[in-house]
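Biologist: Could you take a close look at a single part of this chain for me, and explain it slowly enough for a first-year student to follow?

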Amino acid sequence: MIFFKLILTLILVSFSTPILALEKAPLYTVDMGKLLKQTVLGQNIISVNNSLRQSLQNENESLEAELLLEEKNLSELRSSLSADEFRPKALAFDQKVTIIRSEQAKKEENLLRNIRKKESDFYKNIYPLLYQLLSEHGGLILIDQRNLVLWDSSIDLTDKAIEMIDRVNGDGD
């Protein structure tokens, strides 16, 4: 029985030691979110996206203020108009609000679609660089850390990838 345990231990050690001791591991990790957030190119994409979001938010707030003022004016008219005179004005206002909400929702959908596309394009553009980096390190597989529970930091290529992306792409201009 002791002989069996010794053999099993030797087998486990022989399989685990090369992975831990090798300078070149077949499997590496990278934090894809960190690449977007910490490369110059990614930061520019995030900055532009945030600016576009803020512009839409400002537009929404301006429209809301205009509609609130119009609603207040309409409410004040209510006491001086008959129900037959007021109803068409109220219906027209409701229709205007519905149209504006629909238009703003479409703008937000388009904005989100464009943001996702820009981020997707960012990742597509850096894949060749990630492959090159993986190859330079003798790796076979690159896994996004967001899909892992536990890993050894020695197989993390994120910082090297950030350096490479910034060196090759700069700010993307």
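**A close look at helix α3**

Modeller: In helix α3, the residues Leu41, Gly42, Ile45, Asn49, Leu56, Leu63, Leu67 and Leu74 are buried. Please keep in mind while reading that this is a predicted model, and that what follows was computed from its atoms. The buried residues of α3 pack against three other helices, namely α2 (residues 32-38), α4 and α5.

Not every residue of the helix is hidden in this way, and Val48 serves as an example. Val48 also has its place in helix α3, but with a relative accessible area of 42% it is partly exposed, because a residue counts as buried only under 20% and as exposed only over 50%. The C-alpha atom of Val48 is separated by 9.2 Å from that of Ile115, although the two residues are 67 positions apart along the chain.

As for its length, α3 has 39 residues, and from its first C-alpha to its last it reaches 57 Å, which is close to the 57 Å expected at 1.5 Å a residue.

The partner to consider next is α4. The axes of α3 (residues 40-78) and α4 (residues 83-136) come within 11 Å of each other and cross at roughly 175°. Angles over 145 degrees count as roughly antiparallel, so α3 is roughly antiparallel to α4. Sorted by class, the residues in the contact of α3 with α4 are 18 nonpolar, four polar and eleven charged.

It helps to ask where the nonpolar residues gather. In soluble globular proteins, nonpolar side chains tend to be buried together. In this model the largest nonpolar core has 20 residues, and those that touch the most other members are Met32, Leu35, Phe122, Tyr123, Ile126, Leu130 and Ala161. The elements that give two or more residues to this core are β1 (residues 27-30), α2, α3, α4 and α5, and the largest share, seven residues, comes from α4. Apart from this core lies another, of eight residues, which includes Leu67, Ala90, Val97 and Ile100. Leu67 is thus one of the buried residues of α3 and also a member of that other core.

One member of the largest core can be followed further. Leaving aside its neighbours within four places in sequence, Met32 is in contact with Tyr123, Tyr127, Leu130, Asp144 and Arg146. Strand β1, which also gives residues to the largest core, holds Leu27. Leu27 is partly exposed, with a relative accessible area of 30%, and, with its neighbours within four places in sequence set aside, it is in contact with Ile141, Ile143 and Ile155. The C-alpha atoms of Leu27 and Ile155 are separated by 7.1 Å, while the residues themselves are 128 positions apart along the chain.

A contrasting case is Asn147, which is found in the loop between β2 (residues 141-144) and α5 (residues 158-169). Its relative accessibility of 63% is the reason why Asn147 counts as exposed. Asn147 and Asp31 are 116 residues apart in sequence, yet 9.5 Å apart in space from C-alpha to C-alpha.

Finally, α3 can be placed within the whole. The chain has five helices and two strands, and, read along the sequence, they follow the pattern α-β-α-α-α-β-α. Of its 173 residues, 25% count as buried. Among the contacts in the chain with a separation of 6 or more, 83% are between residues 24 or more positions apart.

Definitions and conventions:
Residues numbered from 1 in each chain as written. Predicted model: local features only at pLDDT ≥ 70, side-chain atom pairs only at ≥ 80, totals over all residues. Heavy atoms only, no water. Axes fitted to C-alpha atoms, helices over the stretch in contact; angles between N-to-C directions. Helix = DSSP H or I, 4+ residues; strand = E, 2+ residues; numbered from the N terminus. Parallel < 35°, antiparallel > 145°, perpendicular 65-115°, else oblique. Nonpolar A, V, L, I, M, F, W, Y, C, P; charged D, E, K, R; others polar. Buried < 20%, exposed > 50% of the residue type's maximum accessible area, 1.4 Å probe, protein only. Expected span 1.5 Å × (residues − 1). Contact = heavy atoms within 4.5 Å. Core = buried A, V, L, I, M, F, W, Y, C linked by side-chain atoms within 4.5 Å.
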